[in-house]
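User: Hi, I have a structure open and I'd like to talk it through with you. Could you help me read it?
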Amino acid sequence: MFQEKKEMEALSRNLERLIGGEYLGMAEVSRDTLPSKIQHQIIRLSDKIRGNEERIGREKDEIKKLIAEIAHQLRNPLANMEVYLEMLAEEEASEEERQFCIEAIAASEGRIRFLTEAFIRMARLESRIIQIKKESLYLRDTLLNSILQAKTLSEEKGIQIRLEAAEIKVPHDANWLGEAVYNLLDNSMKYSEKDSYIDVRAVQNEMFVQVVVRDYGIGIMEGEENLIFQRFYRGKRVTVQEGFGLGLYLSREIVLQHGGFVKARRMSPGLEIAVYLPVGERRR
Amino acid sequence: MEVLRTKGLKKIYNTPSSQIRALDGIDISVEEGEFIAIVGSSGSGKTTLLNMLGGLDNPTEGEIIVRGKNLTDMDSEELTVFRRRNIGFVFQNYNLMPILNVHENMTLPLKLDGLGEDRNFLEQIIESLKLKEKLYSMPNTLSGGQQQRVAIARALVARPAVILADEPTGNLDSKTGTEVIGLLKTSAIQFNQTILVVTHNEDIAQMADRIIRIEDGKVSGGGHEE
């Protein structure tokens with residue numbers, strides 16, 4: 001009886017500390033008694049509060065870093081524009097020079113537009129403003145759309161995209177998944193030689209439907225399989241190809257919001273990225 | 001938040017002629033919500049390490065701190081209760097109770113701790129692991145992949161601080177193995193669960209957020225989050 005009172009008082013003290021904003025350590029002994037179990041639950045609660053607070057802190061830091069990165073990325077094309085605008089303003093510039101300046105400014109403007117659009121998509125995805133609206137649709141249609149979107153660029157480079165997909169219905173958001181797949185194709189085209197191939201396959205397994213995009217391009221180094229999905233990461237083999245390290249990151253985010261996952265595999269030659277989507281409805 | 005840490009962890013076996021250092025000073029640190037692969041060739045000490053993290057084996061030297069509490073200080077009764085509340089296991093051979101159905105197997109850890117079922121949470125897990133149709137089936141009627149899904153569900157229901165999985169795909173074909181690891185990965189995100197998977201399969205390890213490499217009883221890479 002006395003022991004129990006002591007234990008209850010200890011619980012009460014810990015709750016008091018928790019209310020006072022302290023975190024609890026795991027000092028107490030684990031025993032197979034009710035007070036010990038409640039003690040354990042209070043500590044879990046404390047951990048949960050602490051975990052949440054730390055997560056919020058980390059997210060704040062992330063946002064700070066992101067803003068700094070955005071400013072940094074925008075600075076280059078803006079500086080270019082400034083230079084060419086100055087040149088345009090000079091009176092003795094020839095018609096040819098003027099034309100050159102205008103094209104350069106247009107290119108910079110294109111870069112800024114691309115960046116802002118990517119950032120807006122990223123922000124919408126991250127703040128979960130965009131709800132992935134899953135509908136049971138034919139995956140093949142979504143894949144065909146993405147391939148169609150990639151057509152201009154693929155024809156320009158003479159890259160043939162081959163699709164092999166059965167008529168499978170999968171719960172997904174056609175717009176967002178379409179964008180995820182388009183990003184994979186865009187990435188593959190960027191790092192492939194002229195006149196090569198990209199294979200797109202969709203297969204149904206027990207738990208997930210797998211969409212595979214495989215190219216025969218420059219590929220990645222060992223150990224980069226997970227890194228390439230990180231925000232702003234550029235592959236170690238990348239030399240001349242332009243990019244911001246956003247495409248694969250966005251693809252992964254979209255897939256995660258579908259309750260699925262992505263997996264990259266080194267091929268010789270090239271890279272294979274597999275997207276796994278859960279077969280049935282899945283809450284997130 | 002740090003969930004798990006080891007300090008100078010050693011396991012030394014004395015034989016009449018020599019000393020075998022299965023673990024030779026392991027320092028690792030794991031943050032809440034991380035999905036980590038522990039990789040090493042057979043005999044590297046990775047399974048010994050996992051067993052120690054789960055309190056299934058005692059170190060010769062060093063500390064194992066799970067959520068701020070040192071496992072090596074506990075007596076066996078305390079350790080049993082602590083383990084049940086804080087650590088979930090997933091084994092290569094599933095270790096389901098053959099006389100219990102899927103639902104009973106899943107909720108066994110709760111029953112052992114005298115806890116009620118959190119219906120809503122249970123339903124989320126059942127849905128995520130696609131076990132709805134199999135709830136009242138017996139383990140021996142399920143495929144390997146299905147049995148492992150039940151084992152994962154069982155590990156998740158008690159909301160342990162850490163889930164330790166020892167070669168969870170060892171008995172599965174590679175396609176099913178990838179799916180099972182994918183489920184662990186998506187569960188880690190969905191339920192903010194910390195998961196450590198021991199594997200010798202590089203392809204599977206590549207799916208983790210971080211890879212800890214063990215060689216000859218030492219960490220050769222990835223011991224701490226940078």
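User: What share of the contacts in chain A with a separation of 6 or more comes from residues 24 or more positions apart?
Analyst: This is a predicted model, and in chain A residues 24 or more positions apart account for 67% of the contacts with a separation of 6 or more.

User: And how many of its residues are buried, as a percentage of chain A?
Analyst: Of the 284 residues in chain A, 27% are buried.

User: What radius of gyration does chain A have, set against a compact globule of 284 residues?
Analyst: Chain A has a radius of gyration of 26 Å, whereas a compact globule of 284 residues would have one near 19 Å. Along its principal axes, the C-alpha trace of chain A spans about 95 × 55 × 35 Å.

User: OK, what is chain A built from, in helices and strands?
Analyst: There are seven helices and seven strands in chain A, and if you read along the sequence they follow the pattern α-α-α-β-α-α-β-β-α-β-β-α-β-β.

User: Which domains does the assignment give for chain A?
Analyst: The assignment for chain A gives domain 1, covering 1–130, and domain 2, covering 135–278. The C-alpha centres of these two domains of chain A lie 26 Å apart, and their contact takes seven residues from domain 1 and six residues from domain 2.

User: Which helices supply the domain 1 side of that contact?
Analyst: In chain A, α2 (34–89) and α3 (95–126) each supply at least two residues of the side of domain 1 that touches domain 2, and α3(A) gives the most, with five residues. By class, that side of domain 1 of chain A has four nonpolar, one polar and two charged residues.

User: Switching topic, how many residues of each chain are in contact where A and B touch?
Analyst: There, 26 residues of chain B are in contact with 27 residues of chain A. On the chain B side, α2 (76–86), α4 (119–128) and α6 (174–190) each supply at least two residues, and the largest share, nine residues, comes from α6(B).

User: What kinds of residues are on that side of chain B, by class?
Analyst: The side of chain B that touches chain A has six nonpolar, nine polar and eleven charged residues.

User: Now the inside: which residues have the most contacts in the largest nonpolar core?
Analyst: The largest nonpolar core has 100 residues, and those with the most contacts inside it are I38(B), A153(B) and L196(B). Leaving aside its neighbours within four places in sequence, I38(B) is in contact with several residues, including L49(B), L50(B), L196(B) and V198(B).

User: What about strand β8 of chain B, is it enclosed or open, and why?
Analyst: Strand β8 of chain B, residues 162–166, is largely enclosed by the rest of the structure, because five of its five residues are buried.

User: Which residues sit on each side of it?
Analyst: V162(B), L164(B) and D166(B) are on one side of β8(B), with I163(B) and A165(B) on the other, and all of them are buried, so both faces are covered. This fits a general rule, that in a regular strand the side chains alternate between the two faces of the sheet.

User: Which strands pair with β8(B)?
Analyst: Strand β7 of chain B, residues 87–90, pairs with β8(B) in the parallel sense over four bridges, and one of the partnerships in β8(B) is that of L164(B) with F89(B). Five bridges join β8(B) to strand β9 of chain B, residues 194–199, and these two strands also run parallel; here the bridge partner of A165(B) is V197(B) in β9(B).

Terms used:
Residues are numbered from 1 along each chain as its sequence is written. Chains are lettered from A and ligands numbered from 1 in the order in which they are written. This is a predicted model: local features need pLDDT of at least 70, side-chain atom pairs count only at pLDDT 80 or more; totals for chains, interfaces and linings use all residues. Two residues are in contact if their C-beta atoms, placed from the backbone, lie within 7 Å. Ala, Val, Leu, Ile, Met, Phe, Trp, Tyr, Cys and Pro count as nonpolar, Asp, Glu, Lys and Arg as charged, and the others, Gly among them, as polar. Domain bounds come from an automatic or database domain assignment. The radius of gyration is taken over C-alpha atoms; the globule rule is 2.2 Å times the number of residues to the power 0.38. A residue is buried if 20 or more other C-beta atoms lie within 10 Å of its own, exposed if 12 or fewer, and partly exposed in between; C-beta atoms are placed from the backbone. A nonpolar core is a set of buried Ala, Val, Leu, Ile, Met, Phe, Trp, Tyr and Cys residues joined through C-beta atoms within 7 Å. Two strands pair if DSSP finds at least two bridges between them.
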